Amino acid sequence: MILKKDKMTETIVSVVSGVAAGIAFLVLLFLVKWNFFIDTALALGIFASLTFLLKPREKIGSIYVEGLPDGEELKKYLEDAREDFTAIETCKRKIRDLEVKTEVEKLNQTAEKIIAFLEENPGKIRLARQFIDYYQDTASSLLQKYVKLQDTNLSTNEVQKLKAETAKAVKTLNTVFEGQFQKLLRNEMMDMDAEIRLLQQTAKMENYDI
């Protein structure tokens, strides 16, 4: 959804810039009687300037991409994570086995939390590369293959075995996803623990009964 909105905004900016440049071209050519080539060059300049000025500045969370070291690369990682998240969500809706669907729902909930955390903490995106590049990508690929296998409606022993193994793999991925989220939260958890310890020590020093 976010990517579609960005594309729509870019289209609107291009249309507005084109209309403004076209009006300027016609006014200068027919009313002011400027030279055609100078008029054309000026209109192109107006189009380029307006496109640059009106183009929305991209953000990761509340931070502008250009303000981040390697911001474009971090944005790409996040876009990849969102794409895999959407693919997993699509598969979840198509899966008929209730047990597998439930496990995939858990998978997607954890992935959603991780992506939300990364959007709020862009500096942690690199720490999540293993999650984005391997674990979530593997989950997306595996579930898409599972859905294709399911839709063949075959019930051979080999198919049943593969579906059972996929169900086990999804449970494993759930454990991994939760572990990856805990790793990302580790610094925050350590900070909280330090604050609690400091609070307790300060309260004891001031003779509060705790």
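## Nonpolar surface patch

Val15, Val19, Ile23, Leu26, Val27, Phe30, Leu31, Val32, Trp34, Ile38 and Leu42 make up a nonpolar surface patch whose combined accessible area is about 1,000 Å². Patch members have over 30% relative accessible area and no salt bridge, with nonpolar side chains joined within 5 Å; a salt bridge places a side-chain nitrogen of Lys or Arg within 4 Å of a carboxyl oxygen of Asp or Glu. Areas follow the Shrake-Rupley method with a 1.4 Å probe.

This is a predicted model, in which local features need pLDDT of at least 70, side-chain atom pairs count only at pLDDT 80 or more, and totals for chains, interfaces and linings use all residues. Residues are numbered from 1 along each chain, and side-chain values use heavy atoms, without hydrogens and water.

Helices α1 (2–31) and α2 (36–54) each contribute at least two patch residues, and α1 gives the most, with seven. Helices are DSSP runs (H or I, at least four residues) numbered from the N terminus. Val15, located in α1, counts as partly exposed because its relative accessibility is 49% (buried is under 20%, exposed over 50%, partly exposed in between).

## Asn108 in helix α4

Asn108 belongs to α4 (residues 98–120) and counts as buried because its relative accessibility is 4%. Leaving aside residues up to four places away in sequence, Asn108 touches Phe85, Ile88 and Glu89 (heavy atoms within 4.5 Å).

## Helix α5

The buried residues of α5 (residues 129–151) include Phe131, Ala139, Leu143 and Val147. Just after α5, Asn153 adopts a positive phi of about 60°.

Note on methods:
Expected span 1.5 Å × (residues − 1). Buried < 20%, exposed > 50% of the residue type's maximum accessible area, 1.4 Å probe, protein only. Patch = residues over 30% accessible without salt bridge, like charges linked within 9 Å, V, L, I, M, F, W, Y side chains within 5 Å.
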